[in-house]
Amino acid sequence: MKTKFLSIMLTSFLAVGLFGNTVYAKETDSNNKKTFYIGSLKKGDLMLWDVCSQCSNTFSVMIRDDDTIYADIDKDTSEKELDILSHDSAFYEGGSNLRIEVEYYGSSVNLKKAHASGAIKNEKKKTIGYIYTYNLEDFDDEDYNDAVITLTSWKKHG
Ligand SMILES: [Ca+2]
C-alpha cells in the first residue's frame, strides 16, 4: 500500500515536472517574420507602445510572452500614408520570453531592421525604465518606416 502511494506520488511529481511548466519553442524567424525579445522588464512594469506604418504591405504585430498576449495588431489595408495602428499600454505579467513578433502576410518580403534600445536614466544615472524601438524595411527604398514599433516601460507607481 505504501509502495503504491509512493509510486503514485512519484508519477504525479514526474507529470508535474514534465508538463507543469510548459516550455515553448522559440519562434523561428524567416524573411517575412521577425521576433524581437524584450529584456530587463520586471513583473508589474507598465509597458506603453506605439505601432505605425507607412507601407502598402499588410502585416501583424504581436506583443506577448509565453503566457499572455498584450497586443495583437493587424495592418490589413494597403494604406501607404502614416497609419497609426496602436497606441496602448499594459502591465507586464511576468511571463517568460517577452517579445514582439512581426509577421508580413506576403512571403516575398525580406525584412530588414534598424533599432535602438536602452535604459532610461535619471539625473543620478539611476535606471527608471527601458525603451525599445524597431524600424523595419520591407522593400529596397531604405526608409525603414514600413513598420515602426516603440515600446517604453517603467515601474508602476501610484
Ligand atoms: Ca520602405
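**Exercise 1. The two faces of S6**

Task: In this predicted model, which residues of S6 lie on its covered face, and which on its uncovered one?

Solution: Start with the covered face, which holds Ile100, Val102 and Tyr104. Then turn to the uncovered face, where you will find Arg99, Glu101 and Glu103.

**Exercise 2. From the covered face into the core**

Task: Which residues have the most contacts inside the largest nonpolar core, and what is isoleucine 100 in contact with, leaving aside its neighbours within four places in sequence?

Solution: First, take the core itself: it has 21 residues, and those with the most contacts inside it are Trp49, Val61, Ile100, Val102, Ala147, Ile149 and Leu151. Strands S2 (46-53), S3 (59-64), S6 (99-104), S8 (127-137) and S9 (147-154) each supply at least two residues of this core. Next, look around isoleucine 100. Beyond its sequence neighbours within four places, it is in contact with Phe36, Ile38, Val61, Ile63, Tyr134, Ile149 and Leu151.

**Exercise 3. Laying out the sheet**

Task: What is the strand order in the open sheet of four strands, and why is one side of S1 and of S4 left without a neighbour in the sheet?

Solution: Write down the order, S1-S6-S3-S4, with antiparallel pairing. Now check the ends: S1 (33-37) and S4 (69-75) stand at the edges with a single partner strand each, so one side of each has no neighbour in the sheet. From one strand to the next, the twist averages 10 degrees.

**Exercise 4. Partners across S6**

Task: How many bridges link S6 to S3 and to S1, and which residues stand opposite arginine 99?

Solution: On the S3 side, count six bridges in the antiparallel sense. There, methionine 62 stands opposite glutamate 101, and arginine 64 stands opposite arginine 99. On the S1 side, five bridges make the antiparallel link, and tyrosine 37 has arginine 99 as its bridge partner.

Terms used: Residues numbered from 1 in each chain as written. Predicted model: local features only at pLDDT ≥ 70, side-chain atom pairs only at ≥ 80, totals over all residues. Core = buried A, V, L, I, M, F, W, Y, C linked by C-beta atoms within 7 Å. Buried ≥ 20, exposed ≤ 12 C-beta atoms within 10 Å, placed from the backbone. Contact = placed C-beta atoms within 7 Å. Pairing = 2+ DSSP bridges. Axes fitted to C-alpha atoms, helices over the stretch in contact; angles between N-to-C directions.
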